Amino acid sequence: MIDHKSPAELERMRRAGRIVAGTIERVVAVVSPGVSTKDLDDVAEAYIREQGAMPSFLGYRGFPASICASINQEVVHGIPSRERVLTEGDLLSLDFGAIWEGYHGDSAVTVFVGGDAPSTEAEKLVRITEEALEAGIAAVRPGGRLTDISHAIEQVVRGAGFELVREWGGHGIGRNLHEDPHILNYGAPGRGPEMRPGLVVAIEPMVIMGNWPTEVLADGWTVVTADGSLAAHFEHTVAVTEGGREILTARG
Ligand code: MG
Ligand code: MG
């Protein structure tokens with residue numbers, strides 16, 4: 001069942017979203033060769049708690065950290081570790097969540113460690129994934145249907161010759177980190193529930209350079225491409241408004 005948020009609930013989600021956006025800015029600023037993914041987790045957790053919020057991911061179904069940090073062929077849900085030290089040119093996907101007064105925000109970015117992509121194709125992968133997110137967000141409007149988002153994402157990704165992860169997708173968000181509806185990142189437009197003001201969704205294309213499918217490592221969390229190819233991930237939490245949409249996790 002889709003839970004549409006009241007204006008008072010949206011105000012809390014705005015605050016959660018701003019905290020997530022601030023966390024991303026602080027963590028991305030310290031990404032560099034020699035830094036471990038646990039160092040990034042520490043920066044994120046400290047900032048989220050300073051804001052009076054709680055990390056959404058810590059303890060979620062037993063997840064042991066505050067962020068997900070996924071390197072190169074890791075798609076999503078990588079567990080931060082002191083042993084995972086970043087090196088120049090790594091493709092690093094970072095996923096963040098925070099709870100403010102019972103409401104969640106959820107957002108992800110992909111960056112290159114040291115700033116430069118190791119190849120033009122890797123640069124294109126990350127750029128296209130972000131463009132797919134932007135296209136998905138642009139499809140959010142009252143009166144539209146949920147799979148308008150799915151279709152917009154798929155058009156951008158397939159148009160660029162990349163593959164989409166099928167096993168994971170976007171989701172409703174609010175009192176729960178993940179709630180109805182599930183949002184596929186592919187498919188025909190004009191299907192699924194009608195989007196109405198108060199619907200809040202986390203839109204999150206996961207794009208791979210090689211071939212679908214993905215696998216989960218023995219740690220029970222880390223999703224990797226089966227063929228070892230690079231993967232990228234971007235995400236924003238977006239509310240349907242009377243006039244269109246509002247990105248709750250927008251960064252300054
Ligand atoms: Mg996320
Ligand atoms: Mg999400």
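The following exchange goes through the metal sites, the helix packing and the sheets of this predicted model.

User: What makes D95, D106 and E235 donors of the magnesium ion (ligand 1)?

Analyst: A donor is an N, O or S atom within 2.8 Å of the metal, and the oxygens of D95 (OD, listed twice), D106 (OD) and E235 (OE) lie 2.0 to 2.5 Å from the magnesium ion (ligand 1), so they satisfy that cut-off. Along the chain these donors follow the spacing D-x10-D-x128-E. D95 belongs to strand β4 (residues 91-100), while E235 sits in the loop between β13 (231-233) and β14 (236-240), so the pair ties together parts that are 140 residues apart in sequence.

User: Which residues are the protein donors of the magnesium ion (ligand 2), and how do you know that they count as donors?

Analyst: They are D106 (OD), H171 (NE2), E204 (OE) and E235 (OE), at 2.1 to 2.2 Å from the magnesium ion (ligand 2), and because the limit for a donor is 2.8 Å, these atoms qualify. Their spacing along the chain is D-x64-H-x32-E-x30-E. Here D106 comes from strand β5 (residues 103-112) and E204 from the loop between β9 (200-203) and β10 (206-208), so this pair ties together parts that are 98 residues apart in sequence.

User: Why is D106 said to bridge the magnesium ion (ligand 2) and the magnesium ion (ligand 1)?

Analyst: The word applies because D106 (OD) is listed among the donors of the magnesium ion (ligand 1) and D106 (OD) is also listed among those of the magnesium ion (ligand 2), both meeting the donor criterion. The two ions are 3.2 Å apart.

User: Why are D106 and E204 called buried?

Analyst: Buried means under 20% relative accessible area. D106 has 2% relative accessibility and therefore counts as buried, and E204, with a relative accessible area of 7%, is buried as well. D95 and E235 are also both buried.

User: How do you know that helix α1 and helix α2 pack, and what describes their packing?

Analyst: Contact means heavy atoms within 4.5 Å, and I19, G22, T23, R26 and V27 in α1 meet L40, V43, A44, Y47 and I48 in α2. The residues of this contact divide into seven nonpolar, two polar and one charged. Two packed helices are described by the angle between their axes and the distance between the axes. For α1 (residues 7-29) and α2 (residues 37-50) the angle is about 145° and the axes are 9 Å apart, and the crossing is right-handed.

User: What makes β8 and β15 edge strands?

Analyst: The open sheet has five strands in the order β8-β7-β9-β14-β15, with antiparallel pairing. β8 (179-183) and β15 (245-247) each have a single partner strand, so one side of each is left without a neighbour in the sheet. From one strand to the next, the twist averages 25°.

User: How do you know that β7 and β9 pair?

Analyst: Pairing requires at least two bridges between the strands, and strand β7 (residues 170-172) and β9 have two bridges in the antiparallel sense, so the criterion is met. Within this pair, G172 stands opposite V201 in β9.

User: What makes β10 and β13 partners in the sheet of three strands?

Analyst: Three bridges join β10 to β13, which run antiparallel, and because at least two are required, they count as paired. V207 has A232 in β13 as its bridge partner. The order of this open sheet is β6-β10-β13, and helix α3 (residues 120-138) lies across β10 and β13, running at about 30° to β13.

Conventions: Residues numbered from 1 in each chain as written. Chains lettered and ligands numbered in written order. Predicted model: local features only at pLDDT ≥ 70, side-chain atom pairs only at ≥ 80, totals over all residues. Heavy atoms only, no water. Helix = DSSP H or I, 4+ residues; strand = E, 2+ residues; numbered from the N terminus. Buried < 20%, exposed > 50% of the residue type's maximum accessible area, 1.4 Å probe, protein only. Axes fitted to C-alpha atoms, helices over the stretch in contact; angles between N-to-C directions. Left-handed = near helix turned anticlockwise from the far one by under 90°. Nonpolar A, V, L, I, M, F, W, Y, C, P; charged D, E, K, R; others polar.
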